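Biologist: Could you walk me through the ligand site in this one, slowly and with the numbers? Once you're done there, feel free to point out anything else in the chain that I should look at.

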Amino acid sequence: MDAQSFREFGKAAIDYMADYLENIRDKQVLPNVEPGYMRKLLPEEAPEEPEDWREVLKDMDRAIMPGLTHWHSPHFHAFYPTANSYPGIVGEMMSAGLGTIGFTWMSSPASTELEVITLDWLGKMIGLPPQFLSCSPGYGGGVLQGSASEATLLCLLVARERYVQRLHEKNPSLTEQELRATKAKLVAYASDQSNSSVEKAGILGSVPMRLIRADEKFQMSGSNLRAAIEADLKEGLIPCIVISTLGTTPTCANDPLREIAAVCSEFGIWLHVDAAYSGAALICPEYRYICEGIELADSFNFNPHKWMLVNFDCSALWVKDSRELVAAMSVDRAYLVHTQQDAGMPDYRNWQIPLGRRFRALKLWFVLRIYGVKKLQEYIRAQCKLATDFEMLLRGDDRFEIFTPAHMGLVTFRLKGPNENTNKLMANLQKSKKIYVVGAEVGGKAMIRFAICSRFTTFSDIEYAWNEMVSQTDKVFLTSPENATNGHF
Ligand code: PLP
């Protein structure tokens, strides 16, 4: 493809994306396709001869669009949001266009330096203590990872290596075999409400993850954590890392950080904070109460790619002592050495699992500059308000009970009575496909999560979702009238 065709294709693609996003409200949020649908639409072999980009773009409508779930539809209320904004999209394109790989400072100084600066900006925006920032004295700093899952795994691996290295320093005569035997005794802790990626990090890092039973507020209490740690110590096991969650996936609960941090300090355990979704809200000072005690953590992570308008993938991780990352992650080769490596700028290959890395900071920089802190704060507050609006509608109908009140952009609820009612409602909603929500079962109770996800969502979309909820609930009680609690028929 020559540059002229690239210009034409690129411009047509931008028009395509803008038309898609501006008209997304009119699309059914969930597609109607069946598994395997695309095989019928695409040839069995890749084309031998070059095709015109116009033909390819046409196939977007024919083959791709029918099978898309519209994550940016204002009727998408499932999971948590995935961010999308025009500055974020352009940042993503620019990163592809420049196509640099910034694994060392020398391999692309601008990639590294913009990442250092934007992560300091972002850290200050969310009120992180200075110990986590590169612009403060010490070894703190931020780095962009691909996902919160990677950030958790990375910190677990670093905590594991930190333990082993410290042990080796204290007992230099320990053999490789003895150190390996010690590694096998390490254990990690998180709440049973933590994200699936946390348990997975334990599996991948070969550190068993104790899932501590959350209390009635769906939080991991310091006392339950302590009890689990003490039981493991009695068994001769070695507590290595605690992953505490701010904004759990099922109900957006926050573990009490200060309480947990006190336990971690007492036992010398790494404390990682997973604030994948909720972290974005910390740009609004009124939400910072959730991270009280954060100065005691070793690492903190949140996803601007969830709720801060930066397109996937962009997961911000800060550590207090980057030397620990480097000690665990650095494997040197002559071809990676460069003359500036001791000049105070990170070689980010040593702050992550892969070697290669994209220029992710560009899209973050674009979003921070083109929205500015004030507009981003306005955005978060508006989304939180919409969740409260939906909660108010639920409260006005006595067939529903609030499972957890609106917190950030999430409210969870259920139909009164047996789980079967809520499960039927979920099934009806999934069949009708007018809105997309997901259910969960917490503490034996079936509930539905309603998250504000799209940047296009307005109060009229909340009313639309509510009308759909009422109409599908009517059907639940029409089929089992003995469960009806009021006259919505
Ligand atoms: N942690 C929490 C609390 C989450 O809610 C999620 C995803 O929703 C994750 C981690 C995983 O995030 P990622 O997809 O960036 O790995």
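Modeller: Here's the ligand site, followed by a few spots elsewhere in the chain.

Keep in mind that this is a predicted model. The protein chain averages a pLDDT of 95, and 98% of the residues score at least 70. One stretch falls short: over residues 484-489 the pLDDT is below 50, though the model still gives that stretch 14 contacts beyond its near neighbours in sequence. Where pLDDT is low, the predicted coordinates shouldn't be read in detail.

Now the ligand. It has 14 residues around it, and the closest are Ala-148, Ser-149, Thr-249, Asp-274 and Asn-303. Sort that shell by class and you get 9 polar, 3 nonpolar and 2 charged residues. Some of the polar pairs are worth putting on screen. In the side chain of Ser-149, an N or O atom sits 2.4 Å from an oxygen atom of the ligand. His-305 also has a polar side-chain atom 3.2 Å from a ligand oxygen, and for Lys-306 the figure is 3.2 Å, again from a polar side-chain atom to an oxygen of the ligand. As for cover, the ligand taken alone exposes 390 Å², and the protein buries 86% of that. Two elements give two or more residues to the shell: α5, which runs over 148-170, and α10, over 304-307.

Follow the chain out of α10 and there's something to check in the backbone. Asp-313 is in the loop between α10 and β7 (315-319), and the peptide bond joining Phe-312 to Asp-313 is cis, with omega at about 5°. Two other loops hold backbone angles to look at. Phe-79, in the loop between α2 (53-64) and α3 (86-98), has a positive phi near 45° without being a glycine. Its side of the story on exposure is in between: Phe-79 is partly exposed, at a relative accessible area of 34%. Lys-433 is another non-glycine residue with positive phi, near 60°, and its place is the loop between α13 (419-432) and β10 (438-442). For context, most residues other than glycine have a negative phi, and most peptide bonds are trans.

Next, helix α8, residues 222-234, where you'll find Asp-232. How buried or exposed is Asp-232? Its relative accessible area is 6%, so it counts as buried, being under the 20% cut-off. Leaving aside neighbours within four places in sequence, Asp-232 is in contact with Val-187, Tyr-189, Arg-210 and Leu-237. Glu-230 is in helix α8 too, but with a relative accessible area of 37% it's partly exposed. Between the C-alpha atoms of Glu-230 and Phe-267 there are 9.6 Å, with the two residues 37 apart along the chain.

Last stop: Pro-256, in the loop between β4 (238-245) and α9 (257-267). Not counting residues up to four places away in sequence, Pro-256 touches Gln-219, Met-220 and Ser-221. Its C-alpha is 7.7 Å from that of Ile-290, which is 34 residues away along the chain.

Definitions and conventions: Residues are numbered from 1 along each chain as its sequence is written. This is a predicted model: local features need pLDDT of at least 70, side-chain atom pairs count only at pLDDT 80 or more; totals for chains, interfaces and linings use all residues. Side-chain values use heavy atoms; hydrogens and water are left out. pLDDT is the predictor's confidence in each residue, from 0 to 100. Contact means heavy atoms within 4.5 Å. A residue is near a molecule or strand if one of its heavy atoms lies within 4 Å of it. A polar contact is a pair of N or O atoms within 3.5 Å; within protein, one must be able to donate a hydrogen and the other to accept it, and residues adjacent in sequence count only if both atoms are side-chain atoms. Accessible areas come from the Shrake-Rupley method with a 1.4 Å probe; for residues, only the protein chains shown count as cover. Helices (H or I, at least four residues) and strands (E, at least two) are DSSP runs, numbered from the N terminus. Ala, Val, Leu, Ile, Met, Phe, Trp, Tyr, Cys and Pro count as nonpolar, Asp, Glu, Lys and Arg as charged, and the others, Gly among them, as polar. Buried means under 20% relative accessible area, exposed over 50%, partly exposed in between (1.4 Å probe, protein chains only).
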